[in-house]
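Open the structure in your viewer and keep the sequence beside it, since each stop on this tour asks you to select something and then look at what is there.

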Amino acid sequence: MADFSIRPAHPADGGFLADMVVEAANWRAGSTRPRPAILADARHGGYVAGWQRPADRGVVAVDPDGRSIGATWFRLFGADRPSMGFVAAGVPELIIGVRPIWRAQGVGRALLRALADRARLEGYARLALSVEHGNFAHELYRSEGFTVVASSGDRDTMVRALR
Ligand SMILES: CC(C)(COP(=O)(O)OP(=O)(O)OC[C@H]1O[C@@H](n2cnc3c(N)ncnc32)[C@H](O)[C@@H]1OP(=O)(O)O)[C@@H](O)C(=O)NCCC(=O)NCCS
């Protein structure tokens, strides 16, 4: 088991969370879309712009030296906002990324579980997300209780009940 721990995300984590948005947008092998273009695109940058808003909650995985290695967090969107996994007002949407060198060592699953606990504590009934077809993260989400509720183009929207 890899040696890492998980802590709550803070306002100062905005830069790292933006790094993780870039990882999520460039999940496909060989994809090198530049960071400024990704963050300027509201569909991606909207997950982190203005971090940390009052209802934003997240968790960060850190290595034994305290360096951030992965994160997942959720944010509330409105139907009028261009998020990719919008389900309903009051259903927060998560995004996740783990630094490449730390992948496939249990960090992502541990982060998802910690975030679900946090969302439950906050009183949310559901968590939503958007995932592209072909991303193995789809299987990870399914194994953590998410099911596909909608599909559009090459993306699926998945939702998990928390209660
Ligand atoms: C998706 C991501 C967050 C998962 O984090 P991770 O730390 O690698 O995941 P874990 O190590 O907890 O692995 C979770 C499961 O996926 C499997 N898995 C890990 N890497 C895999 C790979 N490359 N291909 C297929 N399955 C893989 C693991 O075997 C594990 O299953 P198991 O528990 O049954 O063994 C991470 O790979 C990542 O940052 N990817 C790029 C960004 C991204 O795609 N974000 C999601 C956008 S929707």
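Begin by selecting residues 4-163, over which the chain is 28% helix and 28% strand, with the end C-alpha atoms lying 28 Å apart. This stretch is covered by the annotation "domain: N-acetyltransferase", which comes from an unreviewed UniProt entry. Keep in mind, as you go on, that what you are looking at is a predicted model.

Now select the ligand, which sits in the largest pocket. How many residues surround the ligand? There are 20, and the closest are Val98, Ala104, Gly106, Gly108 and Arg109. If you colour this shell by class, you should find 11 nonpolar, 6 polar and 3 charged residues. To see where the shell comes from along the chain, select α1 (14-25), β4 (93-98), α4 (107-121), β5 (126-132) and α5 (137-143), each of which supplies at least two of its residues.

Next, zoom in on the oxygen atoms of the ligand and look for polar atoms of the protein beside them. A polar backbone atom of Gly108 is 2.7 Å from a ligand oxygen, and a backbone N or O atom of Gln105 lies 3.0 Å from an oxygen atom of the ligand. At Asn135, by contrast, it is a polar side-chain atom that lies 2.9 Å from a ligand oxygen. Taken alone, the ligand exposes 930 Å², and the protein buries 69% of that.

The last stops concern the backbone itself. Most residues other than glycine have a negative phi, and most peptide bonds are trans. Select Ala104, which you met beside the ligand and which is placed in the loop between β4 and α4; its phi is near 60°, a positive value in a residue other than glycine. Then move to Trp51 and Gln52, which are joined by a cis peptide bond with omega about 15°. Gln52 lies in the loop between α3 (42-45) and β2 (57-62).

Terms used
Residues are numbered from 1 along each chain as its sequence is written. This is a predicted model: local features need pLDDT of at least 70, side-chain atom pairs count only at pLDDT 80 or more; totals for chains, interfaces and linings use all residues. Side-chain values use heavy atoms; hydrogens and water are left out. A residue is near a molecule or strand if one of its heavy atoms lies within 4 Å of it. A polar contact is a pair of N or O atoms within 3.5 Å; within protein, one must be able to donate a hydrogen and the other to accept it, and residues adjacent in sequence count only if both atoms are side-chain atoms. Accessible areas come from the Shrake-Rupley method with a 1.4 Å probe; for residues, only the protein chains shown count as cover. On a 1 Å grid over the protein atoms alone, a cavity is a set of points where a 1.4 Å probe fits but cannot get out, and a pocket is an open set with protein on both sides within 12 Å along at least five of seven lines; lining residues have an atom within 4 Å of a point. A molecule sits in a cavity or pocket if more than half of its atoms lie within 2 Å of its grid points. Helices (H or I, at least four residues) and strands (E, at least two) are DSSP runs, numbered from the N terminus. Ala, Val, Leu, Ile, Met, Phe, Trp, Tyr, Cys and Pro count as nonpolar, Asp, Glu, Lys and Arg as charged, and the others, Gly among them, as polar. UniProt positions are given in the numbering used here, feature names are shortened, and annotations may be inferred rather than shown by experiment.
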